[in-house]
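Reader: Before we discuss any terms, could you put the model in front of us?
Author: Here it is, and the questions can follow.

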Amino acid sequence: MLFTDRVEAGRRLAEAVRHLKDERPVVLGLPRGGVPVAYEVARALEAPLDVIVVRKLGVPRQPELGFGAIGEGGVRVLSEEIVRHAGVGPKEVAAVEQREEQELRRRAVRYREGLDRVRVEGRTVVVVDDGIATGATAAAACRVARAQGAARVVLAVPTAPADTAERMRQVADEVVCLSAPHLFGSVGEWYRDFSQTSDEEVIALLSRAAAAHPHVTGVGVEVAEELEVEVDAGAVRLAGDLALPEGAEAVVMFAHGSGSSRHSPRNRWVASALREAGLGTLLFDLLTPAEEGDRRNVFDIGTLADRLLGATRWLRERESLPIGYFGASTGAAAALRAAAGDAAVGAVVSRGGRPDLAAPRLGEVEAPTLLIVGGNDALVIDLNRAAQAELRCENRLEIVPRATHLFEEPGALDQVADLARAWFIRHLTSAGDRPGPVHVVTP
């Protein structure tokens, strides 16, 4: 099958994926050449269009060999096997990732020209390229979309080698390929016009698509309203706000930090982003109004952790859903201390936290733990690194560039929300790797 150009290829591909229209998908094009194809697909499906910007992480002494990939929202996909066999040390991994992260951010800003990233949580995502050869970049894009919370990932391309198309089923729920010949030289040989796509063309197509979907929220669920509840935490009853979107697969409990409460605007911002992704949230006060007046209570990590455990038992009696903890400041220490006492907790996220205050119980935490710290919060960075060294569970430290302790800088809290959302979706929901069918559409 020979295509005139990317526009014609996109229109043919749109016909092959028209069965997805009722799923209200999001279409993500791989820049640059995949975007003109994706634009035609999005237009036919009446779907929002965005780019999916990924960067391959190459082995330092063999950069063509990828040991992983990164994407927006703090998503990182690593092949532990390649890292081990290639002898890539932690410092080398960090150096490569830091370099590629800078380039990823630059490209994302350049392509969108001020447009917001379309959220994919809970949605069917159609990843589109103009063709694939080895499939490395397409596979990374599918994994990144999954890690960002996509409920279902469909890879759609005009052409690919037959064996590559088959292999892609390991990373996508469905693969749609118009032409999959066994003899395959390059993607360009299947186009009469395969001239390079410019950045300006990508920007123009994204702007045009955004104009057609000005009110896209990027979410596939109705955001639930909060219900005022009285949380039985054992020795005390605490005021809280519980919200469960329809079909929620998990609930995140918020442990607030020193001098804060369930009305914290920063935690409410993050909670709102989680609910938009279809996750339930429980924000509640760890201290009674009388207790809040004594500053010593906000550093009583043992009591705060006991309250959190009591509230967790109360929530489990109401809802049989996986539970995660989101802790801020001293609340992060309480969350980790509570997780050490409850192996059923599915994931923990700390924002600007003091995980060091959970010592000596850190080594008992089994829940995958994400530590988020502002890049300009030097003291807390050091405390988090020291605490991270004590953790034995799956863990990660994310530093938000130029952010201070409260993440008040423009866009900083958005990054926190993106990181937390991806972590909880990955560890608490069913949006894991699921192989699916391969469609090869023959002429």
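Reader: How far apart do the end C-alpha atoms of residues 121–199 lie, and what share of the span is helix and what share strand?
Author: The end C-alpha atoms are 27 Å apart, and the span is 24% helix and 24% strand, where helices (H or I, at least four residues) and strands (E, at least two) are DSSP runs numbered from the N terminus. The UniProt record, an unreviewed entry, annotates residues 121–199 as "domain: Rhodanese", although such annotations may be inferred rather than shown by experiment. This is a predicted model, in which local features need pLDDT of at least 70 and side-chain atom pairs count only at pLDDT 80 or more, while totals for chains, interfaces and linings use all residues. Residues are numbered from 1 along each chain as its sequence is written, and side-chain values use heavy atoms, with hydrogens and water left out.

Reader: Why is α8 called oblique to α13?
Author: The axes of α8 (residues 265–276) and α13 (residues 412–428) come within 9 Å and cross at roughly 45°, the axes being lines fitted to C-alpha atoms over the stretch in contact and the angles running from 0 to 180 degrees between N-to-C directions. Angles under 35 degrees count as roughly parallel, over 145 as roughly antiparallel, 65 to 115 as roughly perpendicular and the rest as oblique, and therefore α8 is oblique to α13.

Reader: What makes the residues of the contact of α8 with α13 nonpolar, polar or charged?
Author: Ala, Val, Leu, Ile, Met, Phe, Trp, Tyr, Cys and Pro count as nonpolar, Asp, Glu, Lys and Arg as charged, and the others, Gly among them, as polar. The participants include Arg 266 and Trp 269 in α8, and Asp 414 and Phe 424 in α13, where contact means heavy atoms within 4.5 Å. By these classes, the contact of α8 with α13 has nine nonpolar, no polar and three charged residues.

Reader: What makes β9 and β16 edge strands of the sheet?
Author: The open sheet has eight strands in the order β9-β10-β12-β11-β13-β14-β15-β16, with mixed pairing, and two strands pair if DSSP finds at least two bridges between them. Since β9 (227–232) and β16 (395–400) each have a single partner strand, one side of each is left without a neighbour in the sheet.

Reader: How do you know that β11 and β13 pair?
Author: Five bridges join β11 (residues 251–255) to β13 (residues 323–328), and these strands run parallel; in one of the pairings, Val 252 has Gly 324 in β13 as its bridge partner.
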